[in-house]
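Trainee: I am new to this structure and would like a reason behind each label. Can we go through them one by one?

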Amino acid sequence: MLDRPSVKPGDELSASGKGCEPGRMVTLTADGAEVGSAYTDPSGAFTAPIEFARIEAGRHTVVAECGVRLTGTVDQVVTRSSGGQTGTLVVLVFFVLAGITTIRFR
């Protein structure tokens with residue numbers, strides 16, 4: 001089970017599960033890459049943080065291998081701003097040109 005249905009870059013994500021053998025190492029993978037690991041407790045349960053090496057928007061299946069195969073899905077959401085930096089750049093260029101003009105005509 002994953003602790004949230006979707007994540008943005010930088011968000012923390014945690015996986016938990018039960019039904020594994022006690023004291024066994026659990027390896028978590030997504031899209032063929034390892035994203036976390038943990039050891040099971042005496043009852044066969046585990047909790048592990050998940051860290052994606054690559055940020056790719058879309059749904060990803062996280063697989064936990066511990067003798068049994070447990071799966072969960074998470075959506076990676078990538079947000080992007082549009083136009084915010086363009087306005088800042090225009091203002092910066094204006095002041096640079098105004099400064100050059102002021103210095104040139106002194």
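Mentor: A helix here is a DSSP run of H or I with at least four residues, and helices are numbered from the N terminus. Keep in mind that the model is predicted.

Trainee: What is the place of Leu-92, then?

Mentor: Leu-92 belongs to helix α1, which covers residues 84-104.

Trainee: What makes Leu-92 count as buried or exposed?

Mentor: Its relative accessible area is 51%. Exposed requires over 50%, so Leu-92 is exposed.

Trainee: Which residues make the nonpolar surface patch?

Mentor: Leu-92, Val-93, Val-96, Leu-97 and Ile-100 make it, with an area of about 450 Å². Nonpolar side chains are joined into such a patch when they lie within 5 Å, each with over 30% relative accessible area and no salt bridge.

Trainee: How do you know which strands stand at the edges of the sheet?

Mentor: Begin with the order, which is β1-β7-β6-β3-β4 in an open sheet of 5 strands with mixed pairing. β1 (6-7) and β4 (33-39) each have a single partner strand, so one side of each has no neighbour in the sheet.

Trainee: What makes β1 and β7 a pair?

Mentor: Two strands pair if there are at least two bridges between them. β1 and β7 have 2 bridges and run parallel, so the definition is met. One of the matches sets Val-7 opposite Gln-76 in β7.

Trainee: In which sense do β3 and β4 pair?

Mentor: Antiparallel, over 6 bridges, with β3 covering residues 25-30. Thr-27, for instance, has Ser-37 in β4 as its bridge partner.

Trainee: What joins β6 to β7?

Mentor: They run antiparallel and are joined by 8 bridges. The two strands form a hairpin with 3 residues between them, and Gly-67 in the turn has a positive phi of about 95°.

Trainee: Why is the contact of Arg-59 with Asp-75 called a salt bridge?

Mentor: The closest N and O atoms are 3.0 Å apart. The cut-off is 4 Å between a side-chain nitrogen of Lys or Arg and a carboxyl oxygen of Asp or Glu, so the pair qualifies. Arg-59 lies in β6 (residues 58-65) and Asp-75 in β7 (residues 69-76), so the salt bridge ties together parts 16 residues apart in sequence. Arg-59 is exposed at 59%, while Asp-75 is partly exposed at 24%.

Trainee: How many salt bridges are there by this rule?

Mentor: The count comes to 5. Among them is the pair of Asp-11 and Arg-4, at 3.9 Å from N to O, which falls within the 4 Å limit. Another joins Glu-21 to Arg-24 at 3.8 Å.

Trainee: What makes Glu-21 partly exposed?

Mentor: Its relative accessible area is 47%. Buried means under 20% and exposed means over 50%, with partly exposed in between, so that is the label for Glu-21. Arg-24, at 35%, counts as partly exposed by this reasoning.

Trainee: Why does His-60 count as buried or exposed?

Mentor: His-60 is found in strand β6, and its relative accessibility is 6%. Buried means under 20%, so His-60 is buried. In β7, its bridge partner is Val-74.

Trainee: With which side chain does the side chain of His-60 make a polar contact?

Mentor: With that of Asp-31, at 2.6 Å. The limit for a pair of N or O atoms is 3.5 Å. Leaving aside neighbours within four places in sequence, His-60 is in contact with Asp-31, Phe-52, Gly-72, Thr-73, Val-74 and Gln-76.

Trainee: Which side chains of β5 point to which face?

Mentor: Phe-46, Ala-48 and Ile-50 point to one face and are buried, while Thr-47 and Pro-49 point to the other and are not. β5 is joined to β2 (residues 13-17) by 5 bridges in the antiparallel sense, and Ser-16 stands opposite Thr-47.

Trainee: Where is Thr-79 found?

Mentor: Thr-79 is in the loop between β7 and α1. At 61% relative accessibility, Thr-79 counts as exposed, the cut-off being over 50%. The C-alpha atoms of Thr-79 and Glu-65 are separated by 31 Å, with the two residues 14 apart along the chain.

Methods
Residues numbered from 1 in each chain as written. Predicted model: local features only at pLDDT ≥ 70, side-chain atom pairs only at ≥ 80, totals over all residues. Heavy atoms only, no water. Buried < 20%, exposed > 50% of the residue type's maximum accessible area, 1.4 Å probe, protein only. Polar contact = N/O pair within 3.5 Å; in protein donor to acceptor, adjacent residues only side chain to side chain. Contact = heavy atoms within 4.5 Å. Patch = residues over 30% accessible without salt bridge, like charges linked within 9 Å, V, L, I, M, F, W, Y side chains within 5 Å. Areas by Shrake-Rupley, 256 points an atom, 1.4 Å probe, with all protein chains shown as cover.
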